[in-house]
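Here is a short report on one protein chain. Look at the sequence and the fold first, then read on.

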Amino acid sequence: MKHEIKVEGATVPVYTYEENGYTVFEFDTSMLGPPEPMVNAMAVLKLLDSPSKKVIMINHKKPMGLLEKVENKYNINISDYEGKYKIEFTLKG
């Protein structure tokens, strides 16, 4: 069951839930323009402090600037999601 949590620095609702052994933090910035997707992603990515946690970002396009900034620290998986992009981040081992 998803429930909303308060994340310092985030300007969109952030939801958390359990899925397949992961604690998931999910947010949607698909209706926002720069720099809001980056600002929210950086705030929520601070919650990734173990391999059992995952961040899911829904965005209207691939956030290339963000991806370049964080790709050394996180595994990133991008898939199509209802005409948008679903970007999953997990900690690199």
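The report below goes from the overall fold to the sheet, the helix packing and the salt bridges.

## Overall fold

This is a predicted model. The protein chain has two helices and six strands. Along the sequence they follow the pattern β-β-β-α-β-α-β-β.

The C-alpha atoms fill a box of roughly 30 × 30 × 25 Å along the principal axes. The radius of gyration is 12 Å, which agrees with the value near 12 Å for a compact globule of 93 residues. Of those 93 residues, 40% count as buried. The chain exposes about 5600 Å². Carbon and sulfur atoms supply 51% of that area. Contacts also reach along the sequence: among those between residues at least 6 apart, 50% join residues at least 24 apart.

## The sheet

Six strands form one open sheet. Their order is β1-β2-β3-β4-β6-β5, with mixed pairing. Strands β1 (3-5) and β5 (74-81) are the edges, and each pairs on one side only. From one strand to the next, the twist averages 30 degrees.

How do β5 and β6 run relative to each other, parallel or antiparallel? They run antiparallel, and eight bridges join β5 to β6 (residues 84-91). Across this pairing, Ile78 stands opposite Ile87 in β6.

## Helix α1 on the sheet

Helix α1 spans residues 36-45. Which strands does α1 lie across? They are β2 (14-19), β3 (22-28), β4 (53-59), β5 and β6. Relative to β4, the helix runs at about 170 degrees.

## Salt bridges

How many salt bridges does the structure hold? The count is five. Three of them are described here, and strand β6 takes part in the two that follow.

One salt bridge joins the side chains of Lys84 and Asp28, at 4.0 Å from N to O. Lys84 lies in β6 and Asp28 in β3, so the pair ties together parts 56 residues apart in sequence. Both ends are partly exposed: Lys84 has a relative accessible area of 27%, and Asp28 has 37%.

Another joins Lys54 to Glu88, whose closest N and O atoms are 3.6 Å apart. Here Lys54 belongs to β4 and Glu88 to β6, so this pair ties together parts 34 residues apart in sequence. Are these two residues buried or exposed? Lys54 is buried, with a relative accessible area of 11%. Glu88 is buried as well, at 18%.

## A small network

Glu88 also meets Lys86 in a salt bridge, at 3.9 Å from N to O. Lys86 counts as partly exposed, because its relative accessibility is 21% and the buried class ends under 20%. Glu88, at 18%, falls on the buried side of that cut-off.

Which residues make up the network? Lys54, Lys86 and Glu88 are linked in a network of salt bridges. Glu88 pairs with Lys54 and with Lys86.

Key: Residues are numbered from 1 along each chain as its sequence is written. This is a predicted model: local features need pLDDT of at least 70, side-chain atom pairs count only at pLDDT 80 or more; totals for chains, interfaces and linings use all residues. Side-chain values use heavy atoms; hydrogens and water are left out. Two strands pair if DSSP finds at least two bridges between them. Helices (H or I, at least four residues) and strands (E, at least two) are DSSP runs, numbered from the N terminus. Axes are lines fitted to C-alpha atoms, for helices over the stretch in contact, and angles run from 0 to 180 degrees between N-to-C directions. Contact means heavy atoms within 4.5 Å. The radius of gyration is taken over C-alpha atoms; the globule rule is 2.2 Å times the number of residues to the power 0.38. Buried means under 20% relative accessible area, exposed over 50%, partly exposed in between (1.4 Å probe, protein chains only). Accessible areas come from the Shrake-Rupley method with a 1.4 Å probe; for residues, only the protein chains shown count as cover.
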